[in-house]
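Thanks for coming. I will go through one structure and keep it brief.

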Amino acid sequence: MGTPETSREPCPDRILDDIGGAFGMGAVGGSAFHFLKGLYNSPKGERFIGASNAVRLNAPRVGGSFAVWGGLFSAFDCTMVYARQKEDPWNSIFAGAATGGFLSMRQGLGASARSAAFGGVLLALIEGAGIMLNKFVSAQQQVSMMMDEPMLPPGYNEAPVDSGAAEKPFFGAWFGGGKKEEESSGGSETKILESFDAPPVPNFEYK
């Protein structure tokens, strides 16, 4: 089973892939959230119109915010892959910390450090959960494969199956089929024994 790092797109294409996926996630999630919020805040008789306007105004903004976060995360991830020349969960942890700190730079150094720490811890939890899930699934597959294999005691040998007995007809013994087979088999044995008779001994007596 492939890990999340090896199953992703290669690094140059990963950035566009993550941007599109993050935008779609944010747009769908933001649409559902703001639709329900618009239904709740709109007056009676105009709830559907208010919910539609809330989705139209806020869903693209939420999708854009997710796309910015996903693009920065993927860019930092690719930078770490290029710098370390390996694919492992540490790249995602460093990328999450760098993304959180970069997005909070305008609020000051303290806020940027707190956001970086939060992003690193969040990505560490996500990567740890992914690793544990992969180990659990692989262990379950190994257990199922071991249960599917037949458990035979040591020294157990299965008796060979007689193909000739399996091919005999069910009613052969009733209608003389078994007798014919016995006669034919007996004739073959007689022929084999006759073929192994000793040759006549020559007589060297002079008359």
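**Surface patch, ring pair, and a listed region**

Two helices, H2 (47–84) and H3 (89–103), each contribute at least two residues to a nonpolar patch. Keep in mind that this is a predicted model.

Which residues make up that patch? They are Val68, Trp69, Phe102, Leu103 and Met105, on the surface, and together they have about 470 Å² of accessible area.

Take Trp69, which sits in helix H2. Is Trp69 buried or exposed? Neither: its relative accessibility is 34%, and buried means under 20% while exposed means over 50%, so Trp69 is classed as partly exposed. Phe102, another member of the patch, is partly exposed as well, because its relative accessibility is 44%.

Now the aromatic rings. A pair of rings is described by how far apart the centres are and by the angle of the planes. This structure has 4 aromatic pairs. One of them joins Phe76 and Phe102, with 6.2 Å centre to centre and 65 degrees between the planes, which makes the pair edge-to-face. Where do the two partners sit in the chain? Phe76 is in helix H2 and Phe102 is in helix H3, 26 residues apart, so the pair links distant parts of the chain. Phe76 has a relative accessible area of 26%, so Phe76 is also partly exposed.

Last, a record. UniProt, in an unreviewed entry, lists residues 115–137 as "transmembrane region". What does the model show over residues 115–137? The chain there is 100% helix and 0% strand, and the C-alpha atoms at the ends are 33 Å apart.

That is the end of my part.

Key:
Residues are numbered from 1 along each chain as its sequence is written. This is a predicted model: local features need pLDDT of at least 70, side-chain atom pairs count only at pLDDT 80 or more; totals for chains, interfaces and linings use all residues. Side-chain values use heavy atoms; hydrogens and water are left out. Patches are made of residues with over 30% relative accessible area and no salt bridge: like charges are joined within 9 Å, nonpolar side chains (Val, Leu, Ile, Met, Phe, Trp, Tyr) within 5 Å. Accessible areas come from the Shrake-Rupley method with a 1.4 Å probe; for residues, only the protein chains shown count as cover. A salt bridge is a side-chain nitrogen of Lys or Arg within 4 Å of a carboxyl oxygen of Asp or Glu. Helices (H or I, at least four residues) and strands (E, at least two) are DSSP runs, numbered from the N terminus. Buried means under 20% relative accessible area, exposed over 50%, partly exposed in between (1.4 Å probe, protein chains only). UniProt positions are given in the numbering used here, feature names are shortened, and annotations may be inferred rather than shown by experiment. Rings of Phe, Tyr and Trp (its six-membered ring) pair if their centres lie within 6.5 Å; planes under 30 degrees apart count as stacked, over 60 as edge-to-face and the rest as tilted.
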